[in-house]
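Subject: Structure handover and what was found in it

Dear colleague,

I am handing over the structure we spoke about, with the sequence alongside. Please open it before reading on, since the notes below are meant to be followed with the model on screen.

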Amino acid sequence: MWQWLSQLEGAQASFVGTLTGSVFGIVALIIGALFNFRLNRQRDALLRAEEADAVSAALYGEIVLIRTELARTAKLVANIEARGDSFDKHFMERIRLQDPLLYNALANKLGLLDPKLILAITDFHTKVETVRAWLPQLVRSDDRGFSYSPLSVLDPALKAVEDIKPILDCMAANMGVDPPTEDLELGKAYAIAEMEREKFSQ
């Protein structure tokens with residue numbers, strides 16, 4: 001090979017040199033492009049992971065607050081029912097369940113999260129919306145000849161509070177923070193809910 005190359009003269013030598021340089025240049029460009037593509041993929045994956053962590057942290061904080069308010073609402077409903085009081089027009093003024101602003105704002109970014117988190121978070125907010133929809137129905141109305149059971153609120157509220165706890169613990173562990181450890185004191189709410197279930201079963 002080297003002997004053949006040494007025998008080339010003039011235009012032949014120039015052509016072989018140009019061809020060889022072009023081949024090495026193309027190979028170098030391909031290798032550089034592949035390396036750059038790999039770096040871009042790694043950078044994009046890192047950016048997606050950071051964005052997913054930010055979305056998860058924001059939703060975590062909001063869910064913790066909503067969960068506390070759900071527990072408070074369940075206790076309020078259970079206490080009124082236990083005393084035999086009626087759900088009057090002032091009842092709704094004592095409810096502080098707010099719209100989930102962050103969940104609504106970040107809905108288009110839920111796909112960044114783990115599927116288990118997505119299912120649990122959407123299920124939690126579905127139950128919250130069920131509670132919000134049924135709360136006004138508990139208020140007694142003269143136009144209505146019947147009343148709704150507090151179970152219509154207690155059941156989704158208690159399930160939402162209970163079912164989201166393992167997910168909150170998982171999210172807290174991923175963020176490196178302590179999970180919520182507050183005692184929500186829902187014993188009476190569970191007792192009233194069980195009494196209502198027994199009523200319906202009879």
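What follows goes from the overall fold to the core, then to single residues, and finally to the salt bridges and the surface.

Please keep in mind throughout that this is a predicted model, and that each value below was computed from it.

Overall fold

The secondary structure comes to 7 helices and 0 strands, so that, by the DSSP runs used here, the order of elements from the N terminus reads α-α-α-α-α-α-α. Of the 202 residues in the protein, 32% are buried. The exposed area of the protein is about 13000 Å², of which carbon and sulfur atoms supply 58%. Among the contacts with a separation of 6 or more, 77% are between residues that stand 24 or more positions apart.

The nonpolar core

The largest nonpolar core has 48 residues, and those with the most contacts inside it are Leu70 and Phe91. At least two residues of this core come from each of H2, H4, helix H5 (151-163), helix H6 (165-175) and helix H7 (187-201), and H2 gives the most, with 14 residues. If you would like a place from which to look at the packing, Leu70 may serve: leaving aside its neighbours within four places in sequence, Leu70 is in contact with Leu97, Phe124, Val128, Val131, Ala157, Ala160 and Val161.

Two residues of helix H4

His125 has its place in helix H4, which spans residues 115-134. Is His125 buried or exposed? With a relative accessibility of 4%, His125 counts as buried, because the cut-off for that class is under 20% relative accessible area. Once its neighbours within four places in sequence are set aside, the contacts of His125 are with Glu62, Ile63, Ile66, Pro100 and Tyr103.

Thr130 is also placed in helix H4, but with a relative accessible area of 30% Thr130 is partly exposed. Its side chain reaches the backbone oxygen of Thr126 at 3.0 Å. The C-alpha atom of Thr130 is separated by 9.8 Å from that of Asp155, a residue 25 places away along the chain.

Salt bridges

Side chains of opposite charge can pair when their charged atoms come close. The structure holds 12 salt bridges, and three of the pairs are described here, followed by a network.

The pair to look at for a link across the sequence is Lys109 with Glu51, whose closest N and O atoms are 2.7 Å apart. This pair links distant parts of the chain, with Lys109 in the loop between helix H3 (101-105) and H4, Glu51 in helix H2, and the two positions 58 residues apart. Lys109 is partly exposed, at a relative accessible area of 31%, and Glu51, at 31% relative accessibility, likewise counts as partly exposed.

Lys127 and Asp123 form a salt bridge at 2.4 Å, N to O, and both residues lie in helix H4, where they are 4 residues apart, or about one turn of the helix. What is the relative accessibility of Lys127? The value is 14%, and Lys127 therefore counts as buried, whereas its partner Asp123, with a relative accessible area of 34%, is partly exposed.

Asp169 and Lys165 meet in a salt bridge of 2.9 Å, N to O, and this pair lies in helix H6, again with 4 residues, about one turn of the helix, between the partners. Asp169 is partly exposed at 27% relative accessibility, and Lys165 is partly exposed as well, with a relative accessible area of 24%. Elsewhere, Asp155, Lys159, Glu194 and Arg197 are joined into one network by salt bridges that share partners.

A nonpolar patch on the surface

Finally, Ile26, Ile30 and Leu34 make a nonpolar surface patch of about 310 Å². Leu34 lies in helix H2, which covers residues 10-83, and Leu34 is exposed, with a relative accessible area of 56%.

With best regards

Conventions
Residues are numbered from 1 along each chain as its sequence is written. This is a predicted model: local features need pLDDT of at least 70, side-chain atom pairs count only at pLDDT 80 or more; totals for chains, interfaces and linings use all residues. Side-chain values use heavy atoms; hydrogens and water are left out. Patches are made of residues with over 30% relative accessible area and no salt bridge: like charges are joined within 9 Å, nonpolar side chains (Val, Leu, Ile, Met, Phe, Trp, Tyr) within 5 Å. Accessible areas come from the Shrake-Rupley method with a 1.4 Å probe; for residues, only the protein chains shown count as cover. A salt bridge is a side-chain nitrogen of Lys or Arg within 4 Å of a carboxyl oxygen of Asp or Glu. Buried means under 20% relative accessible area, exposed over 50%, partly exposed in between (1.4 Å probe, protein chains only). Contact means heavy atoms within 4.5 Å. A nonpolar core is a set of buried Ala, Val, Leu, Ile, Met, Phe, Trp, Tyr and Cys residues joined through side-chain atoms within 4.5 Å. A polar contact is a pair of N or O atoms within 3.5 Å; within protein, one must be able to donate a hydrogen and the other to accept it, and residues adjacent in sequence count only if both atoms are side-chain atoms.
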